[in-house]
Number of protein chains: 2
Amino acid sequence: MASEIAEQVSAQEKTSLQRILEEAEKQFSERGFDGVSVNEVANAAGVCKANVFHHFASKQELYDRVLARSCEAFAGELDGWQLQGRSLAERLAQIVESHEAFLRRRPHGTRLILRELSAGRLDGSPVFPLLQRNFERVVGMLAEVADELRDGIAPAQVARLVLSLNLFGFQSEKLDERRVALGALPSRDEARRQLIDLILHGVLQR
Amino acid sequence: MASEIAEQVSAQEKTSLQRILEEAEKQFSERGFDGVSVNEVANAAGVCKANVFHHFASKQELYDRVLARSCEAFAGELDGWQLQGRSLAERLAQIVESHEAFLRRRPHGTRLILRELSAGRLDGSPVFPLLQRNFERVVGMLAEVADELRDGIAPAQVARLVLSLNLFGFQSEKLDERRVALGALPSRDEARRQLIDLILHGVLQR
DNA sequence: ATTCCGACCAACCGATCGGTCAGTGATCCC
DNA sequence: GGGATCACTGACCGATCGGTTGGTCGGAAT
């Protein structure tokens, strides 16, 4: 009996602060800063509004913290990519696949950053350098095998290409789903395979 | 004297309705549906709030109308692309260039649609078929020279690639600007040239 | 001349917004 | 056992939100 309660408690043993951050990420990613009230976040996290202001000085500070967390998650992900000794083709395939898997694993954080990106508001934001640094690391992964690239193709361009396509693909996923179901577009796995092939060899016939 | 007044009037001769729509597009594209109040739109258009509700039943209806207008603008743009008898390479170059120019010519509408896209809210939206139809037309432009494509490369995939890269490039423009200024990324013209080359021939050395 | 109608506005409505404040109960320190 | 600190709450604040109401005004129709 006591163990039942203890079980429930330990299963639910996230601090209010953690629950606030998680719910805020989810809600902000779905409806944006202005579309979510502090009350909604608080209720979803099971606390009262005033408690949110106990942990964060303002709604904006809560939002900034959530955004920073999402950026940091990607930095951590990058550490796990094993690319030493791999060829350009292998690296590209790995990056496309791992990046896409990451986006799908953390849809809320991804949407949040995409939202911020399309709003164009993160110019002077403290998140900006974080994104920049993550991008730079991917560029580095490709620069190590720059000799496999054709002349005049900069690693930064390739990195931009790959990340853009993955991000935009994620962003317009809903649009694709119907077309995939109708057979007008290939499945996700097939599309990814084609994409990598396309980046490597271009679209023209030999 | 009378002519001066007439001049001023004719220079300002947009109907309130037009001014409301234009200002609404601008403001919604910058701060989103929830970030803009009807009052702000009304003041920017030089009318009072009640007048907005005279022309539109609700804030949502105003937003939907603005969104639809932005989609239709792109459909009109597509009519102007002359591609008959052109090769795949020429078509790609033309599409990339014209599309990018269009995005830059109508930044508000572009941002508005991108915003809606990343919010993932336009599933059942009436705008959805409009976007779909525009995309289909671009696919058609490439399908006409499908024989120039390598086996297993679908025209729809290529269209998706091109439009995605342009749209995402526009979306993350602010992020790039600094890197271009620092010389870490090539200029826009050079980047576009590289992009087209890259799509045609891939990144691998021969 | 009167009626009608669409464009337009000031004033107002209830609801909700971000944020504040005084206070409660648990924990730890001395 | 008495402070001090902590996470936390209900009640409240002024401002602003989307939307409504009653009414003015000028021009076209009758």
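**Exercise 1. By what turn and what shift can chain B be laid on chain A in this predicted model, and what symmetry follows?**

Step 1. A turn of 180° lays chain B on chain A, with a shift of 0.0 Å along the axis. The RMSD is 0.0 Å.

Step 2. The two copies are thus related as by a two-fold rotation axis.

Step 3. Now locate the axis from chain B. The C-alpha of G202(B) is the one in chain B nearest the axis, 1.8 Å from it.

**Exercise 2. Describe the side of chain B that touches chain A.**

Step 1. Count the residues. In chain B, 44 residues are in contact with 44 residues of chain A.

Step 2. Find the elements. Helices 2 (16-35), 7 (107-119), 9 (155-171), 10 (173-181) and 11 (188-201) of chain B each supply at least two residues. Helix 9 of chain B has the largest share, 10 residues.

Step 3. Sort by class. This side of chain B holds 23 nonpolar, 14 polar and 7 charged residues.

Step 4. Compare the copies. Of the interface residues of chain B, 100% are also interface residues in chain A, so the copies meet through the same surface.

**Exercise 3. Which residues are closest to DNA strand D, and which to DNA strand C?**

Step 1. Take DNA strand D. It is surrounded by 15 residues, and the closest are S16(A), V47(A), A50(A), S37(B) and K59(B). Two or more residues come from each of helix 2 (16-35) and helix 4 (49-55) of chain A, and from each of helix 3 (38-45) and helix 4 (49-55) of chain B. The classes are 7 nonpolar, 6 polar and 2 charged.

Step 2. Take DNA strand C. Here 15 residues surround the strand, and S37(A), K59(A), S16(B), V47(B) and A50(B) are the closest. Helix 4 of chain B gives the most to this surface, with 4 residues. The classes are 6 nonpolar, 6 polar and 3 charged.

**Exercise 4. Is helix 7 of chain B mostly covered or uncovered, and what does it pack against?**

Step 1. Check the length. Helix 7 of chain B has 13 residues and reaches 18 Å from its first C-alpha to its last, close to the 18 Å expected.

Step 2. Check burial. The helix is mostly covered, with 11 of its 13 residues buried. Among them are L112(B), R115(B) and E116(B).

Step 3. List the partners. The buried residues pack against helices 7 and 9 of chain A. Within chain B, they pack against helices 2, 5 (59-79), 6 (88-105) and 9.

Step 4. Look just past the end. G120(B) follows helix 7 of chain B and takes a positive phi of about 65°.

Terms used. Residues are numbered from 1 along each chain as its sequence is written. Chains are lettered from A and ligands numbered from 1 in the order in which they are written. This is a predicted model: local features need pLDDT of at least 70, side-chain atom pairs count only at pLDDT 80 or more; totals for chains, interfaces and linings use all residues. Copies are superposed by least squares on the C-alpha atoms of residues with pLDDT of at least 70 in both. Two residues are in contact if their C-beta atoms, placed from the backbone, lie within 7 Å. A residue is near a molecule or strand if its C-beta atom, placed from the backbone, lies within 6 Å of it. Ala, Val, Leu, Ile, Met, Phe, Trp, Tyr, Cys and Pro count as nonpolar, Asp, Glu, Lys and Arg as charged, and the others, Gly among them, as polar. The expected span of a helix is 1.5 Å times one less than its number of residues. A residue is buried if 20 or more other C-beta atoms lie within 10 Å of its own, exposed if 12 or fewer, and partly exposed in between; C-beta atoms are placed from the backbone.
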